[in-house]
Amino acid sequence: MRVLAVSDLHTDYEQNLAWCRQLDGELYQSDVLIIAGDVTHKLDRLEETLLVLKGKFREVFFTPGNHDLWLERDKGGTSIDKLHEVFNLCKRIGVEYRAKKISGVWLIPVLSWYHASWDREADWANTLPPNKVMADFRACKWPEGVGQDDLAPLFDSFNSELDLLETTLALERESAFEEELRCVISFSHFLPRNELLPEKSKLFYKALPKAVGSDFLRKRLEAIDPDVHVFGHTHFSWDCWLDGCRYVQWPLAYPREQERRRKYGYREQFSDSGRGGAGETPCPRKETRHPMCSWKPIVVYDSSQGGITECKPTYWCKFYGHPLTNPQNVKARRRPPAKANNLNQIKSSIRL
């Protein structure tokens, strides 16, 4: 079994929906796909997109991003109501939005929202604040009494069922049976760590860090202790190891960004000259093929290759010297639990 990941599909753009449609219909039938948020704000287009991908993969996992919670024009309710609508849609069509274990691999969606205090750098002069720039502040509507500073803890509270899962993971990591737990892969839309974003001097919009990450999310991940974490939102390709966890962002992004990536991006992020990678069907003739047909979801786990795959080269990871291999040599299978030192300590915390 393989686990592949992608984020920021933005299928409001017909070109991006076409990319989903042109994926091989047979190659991924035994594989799992993670979508780390931002498909579309339109529920009918979200359903269409997820059904297209569900027809190509064994399982599809999804967690919403900020765009998915934008309210459509002339529709009432709040973005929390929209969140429930998205979950109901996923449930109806068989897309996973809750934690699930498949063939020894835990796949764990983590809900989150950004908060301005996640930004650790000094503010830049003459920079407009996010609420004057970002569409979220106009397109999202929150329940009465819920302010912007309340959103990050509110969304983290929606992860309450993961509290019990943390104990389950610790028990499985202590298990004598090696096949009990092969890998833990979590995913969110927003960023859990500041190291996953270029510093302000390198950003076009200097206030971006105020609207991309969550300390609540990082704390949640510290408790889960994943082997791999997939995220999205910033549209920067990212793939590196930090503190024994592999962090991956693999965004399809907007068509204009795809064009820049084809011109200036790493060749290793694309199949060989558009002819298809290992086991992949070639792109059609030049006059009919999709401009991003040689760019595929990234494989983060492959049971036939020993588990977690090798990192792909990305611009910012190379720029900052982030390691592409696990410097701590932490194995994906049966790592020590994050919250307990031994099995007896864990069992004592469980009330029967």
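# Questions on a predicted model

The secondary structure of this protein, seen here as a predicted model, comes to ten helices and eleven strands.

Biologist: What share of the residues in the protein is buried?

Modeller: A residue is called buried when its relative accessible area is under 20%. The protein has 352 residues, and the share of them that is buried comes to 54%.

Biologist: Among contacts with a separation of 6 or more, what part is due to residues 24 or more positions apart?

Modeller: The accessible surface of the protein is about 16800 Å², with 49% of that surface belonging to carbon and sulfur atoms. Turning to the contacts with a separation of 6 or more, the part that comes from residues 24 or more positions apart is 79%.

Biologist: Which residues have the most contacts inside the largest nonpolar core, and which helix gives the most to this core?

Modeller: The largest nonpolar core has 49 residues, and those with the most contacts inside it are Ile35 and Ile185. Five residues of this core come from one helix, covering residues 43-54, and the helix that gives the most is therefore helix 2.

Biologist: Which residues does Ile185 touch, if those up to four places away in sequence are not counted?

Modeller: On the one hand, Ile185 touches Val3, Ile34, Val228, Val230, Val300 and Tyr301, among others. The remaining residues that Ile185 touches, once those up to four places away in sequence are left out, are Val105, Trp106, Leu107 and Ile108.

Biologist: How many residues does the second, separate core have?

Modeller: This second core includes Leu203, Tyr205, Leu208 and Tyr247. It is separate from the core described above, and its number of residues is 17.

Biologist: Is Leu9 buried or exposed?

Modeller: Leu9 has its place in the loop between strand 1 (2-6) and helix 1. Leaving aside neighbours within four places in sequence, Leu9 is in contact with residues including Asn16, Trp19, Cys20, Ile35, Leu53 and Leu252. The relative accessibility of Leu9 is 0%, and because the limit for this class is under 20%, Leu9 counts as buried.

Biologist: What distance separates the C-alpha atoms of Leu9 and Trp250?

Modeller: Along the chain, Leu9 and Trp250 are 241 residues apart. In space, the separation of their C-alpha atoms is 9.9 Å.

Biologist: Why does the pair of Tyr114 and Phe190 count as edge-to-face?

Modeller: A search of the whole structure finds 20 aromatic pairs. In the pair of Tyr114 and Phe190 the ring centres are 5.4 Å apart and the planes stand at 80°. Planes over 60 degrees apart fall in this class, so the pair formed by Tyr114 and Phe190 is edge-to-face.

Biologist: Where in the chain do Tyr114 and Phe190 lie?

Modeller: Both residues are buried, and they belong to one aromatic cluster that also has Trp113, Phe137, Trp142, Phe155 and Phe158. The pair links distant parts of the chain, 76 residues apart. Tyr114 lies in the loop between strand 5 (105-109) and helix 4 (136-139), and Phe190 in the loop between strand 6 (183-187) and helix 7 (215-224).

Biologist: Which residue lies over the face of Trp124?

Modeller: The distance from the ring centre of Trp124 is 4.6 Å. The residue that lies over this face is Lys206.

Biologist: Is Asp123, which meets Lys210 in a salt bridge, buried or exposed?

Modeller: The side chains of Asp123 and Lys210 meet at 2.8 Å, N to O, and this salt bridge links distant parts of the chain, 87 residues apart. Asp123 has a relative accessible area of 56%, and because the class begins over 50%, Asp123 is exposed.

Biologist: Is Arg193 buried or exposed?

Modeller: The side chains of Arg193 and Glu195 meet in a salt bridge at 2.9 Å, N to O. Glu195 counts as partly exposed at 31% relative accessibility. Arg193 has a relative accessible area of 6%, which is under 20%, so Arg193 is buried.

Biologist: Which residues are linked in a network of salt bridges?

Modeller: The count of salt bridges comes to 23, one of them between Lys202 and Glu199, with the closest N and O atoms 3.7 Å apart. The residues linked in a network are Glu14, Arg21, Arg45 and Glu48.

Key: Residues are numbered from 1 along each chain as its sequence is written. This is a predicted model: local features need pLDDT of at least 70, side-chain atom pairs count only at pLDDT 80 or more; totals for chains, interfaces and linings use all residues. Side-chain values use heavy atoms; hydrogens and water are left out. Rings of Phe, Tyr and Trp (its six-membered ring) pair if their centres lie within 6.5 Å; planes under 30 degrees apart count as stacked, over 60 as edge-to-face and the rest as tilted. Helices (H or I, at least four residues) and strands (E, at least two) are DSSP runs, numbered from the N terminus. Buried means under 20% relative accessible area, exposed over 50%, partly exposed in between (1.4 Å probe, protein chains only). A charge sits over a ring if NZ of Lys or CZ of Arg is within 6 Å of the ring centre and within 35 degrees of the ring normal. A salt bridge is a side-chain nitrogen of Lys or Arg within 4 Å of a carboxyl oxygen of Asp or Glu. Contact means heavy atoms within 4.5 Å. Accessible areas come from the Shrake-Rupley method with a 1.4 Å probe; for residues, only the protein chains shown count as cover. A nonpolar core is a set of buried Ala, Val, Leu, Ile, Met, Phe, Trp, Tyr and Cys residues joined through side-chain atoms within 4.5 Å.
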